[in-house]
Amino acid sequence: MKLRIHGRRTALLGQLTARPVPIRAPRILGIDEFAFRKGRTYGTVLVDVESSRPVDVLPDRETSTVATWLHEHPGAEII
């Protein structure tokens, strides 16, 4: 399926708005890592498993970064 939207990819991406990060973590939180640039820069995505929506994107894949996020956003029962 193709969308009939005209414009450059970077211009269109700049118009998207991110949802605010919730104060409390979702009850069931999925964590996965991904590559911003394959072989060079990696990040971590946090997903609300019950709603299948991304919650936040972390700038690296370090456990300390995830632990800090979980400490600042309590409420996850299953990770």
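Colleague: Which residues are in contact with His73, leaving aside its neighbours within four places in sequence?

Modeller: In this predicted model, His73 is in contact with Val21, Pro22, Ile23, Arg24 and Ala25. Each of these counts as a contact because heavy atoms lie within 4.5 Å. His73 itself is found in the segment after helix 2.

Colleague: What makes His73 buried or exposed?

Modeller: The relative accessible area of His73 is 11%. The limit for a buried residue is under 20%, so His73 is classed as buried.

Colleague: Why is the pair of Arg27 and Glu50 called a salt bridge?

Modeller: The closest N and O atoms of Arg27 and Glu50 are 2.9 Å apart. The criterion asks for a side-chain nitrogen of Lys or Arg within 4 Å of a carboxyl oxygen of Asp or Glu, and the pair therefore qualifies. Arg27 sits in the loop between helix 1 (9–15) and strand 1 (29–37), and Glu50 in the loop between strand 2 (41–48) and strand 3 (53–58), so the bridge ties together parts that are 23 residues apart in sequence. The C-alpha atoms of Arg27 and Glu50 are separated by 8.1 Å.

Colleague: What makes the pair of Glu77 and Arg27 a salt bridge?

Modeller: The N to O distance between the side chains of Glu77 and Arg27 is 3.6 Å, which satisfies the cut-off of 4 Å and therefore makes the pair a salt bridge. This pair also links distant parts of the chain, with Glu77 in the segment after helix 2 (63–72) and Arg27 in the loop between helix 1 and strand 1, 50 residues apart. Leaving aside neighbours within four places in sequence, Arg27 is in contact with Glu50, Gly75, Ala76, Glu77 and Ile78.

Colleague: How do you know whether Arg27 and Glu77 are buried or exposed?

Modeller: Arg27 has a relative accessibility of 37%. Partly exposed covers the range between under 20% and over 50%, so Arg27 counts as partly exposed. Glu77 has a relative accessible area of 58%; as exposed means over 50%, Glu77 is exposed.

Colleague: How many salt bridges does a search of the whole structure find, and what makes Glu33 and Arg61 a salt bridge?

Modeller: The search finds three. In the pair of Glu33 and Arg61, the closest N and O atoms are 3.2 Å apart, so the cut-off of 4 Å is met. Glu33 in strand 1 and Arg61 in the loop between strand 3 and helix 2 are 28 residues apart, and the pair links distant parts of the chain. Glu33, with a relative accessible area of 43%, is partly exposed, and Arg61 falls in that class at 39%. Through shared partners, salt bridges join Arg27, Glu50 and Glu77 into one network.

Colleague: How do you know that strand 1 pairs with strand 2?

Modeller: Eight bridges join strand 1 to strand 2. Pairing requires at least two bridges, so the two strands are paired, and they run antiparallel. Leu29, for example, has Asp48 in strand 2 as its bridge partner. Three residues lie between the strands of this hairpin, and Gly39 takes a positive phi near 80° there.

Colleague: What makes strand 2 and strand 3 a pair?

Modeller: Strand 2 and strand 3 are joined over five bridges in the antiparallel sense, which meets the requirement of at least two and therefore counts as pairing. Thr44 stands opposite Leu58 in strand 3. The hairpin of strand 2 and strand 3 has four residues between them, and Ser52 in the turn has a positive phi of about 60°.

Colleague: Which residues make up the largest nonpolar core?

Modeller: Its seven residues are Ala25, Leu29, Leu46, Val55, Leu58, Val66 and Trp69. Strand 3 and helix 2 are the elements that give two or more residues to this core. They form one core because they are buried nonpolar residues joined through side-chain atoms within 4.5 Å. Leu58 touches Phe36, Gly43, Thr44, Leu46, Thr65, Val66 and Trp69, not counting residues up to four places away in sequence.

Colleague: Which element gives the largest share of the lining of the largest pocket?

Modeller: Strand 3 supplies that share, with five residues. The pocket is lined by 15 residues, of which Arg19, Pro20, Pro54, Val55 and Asp56 lie nearest its centre. About 300 Å³ of space lies in this pocket.

Conventions
Residues numbered from 1 in each chain as written. Predicted model: local features only at pLDDT ≥ 70, side-chain atom pairs only at ≥ 80, totals over all residues. Heavy atoms only, no water. Buried < 20%, exposed > 50% of the residue type's maximum accessible area, 1.4 Å probe, protein only. 1 Å grid on protein atoms, 1.4 Å probe; cavity = no way out; pocket = protein on both sides within 12 Å on 5 of 7 lines; lining within 4 Å. Points joined across faces, edges and corners; volume = space filled by probe spheres on them.
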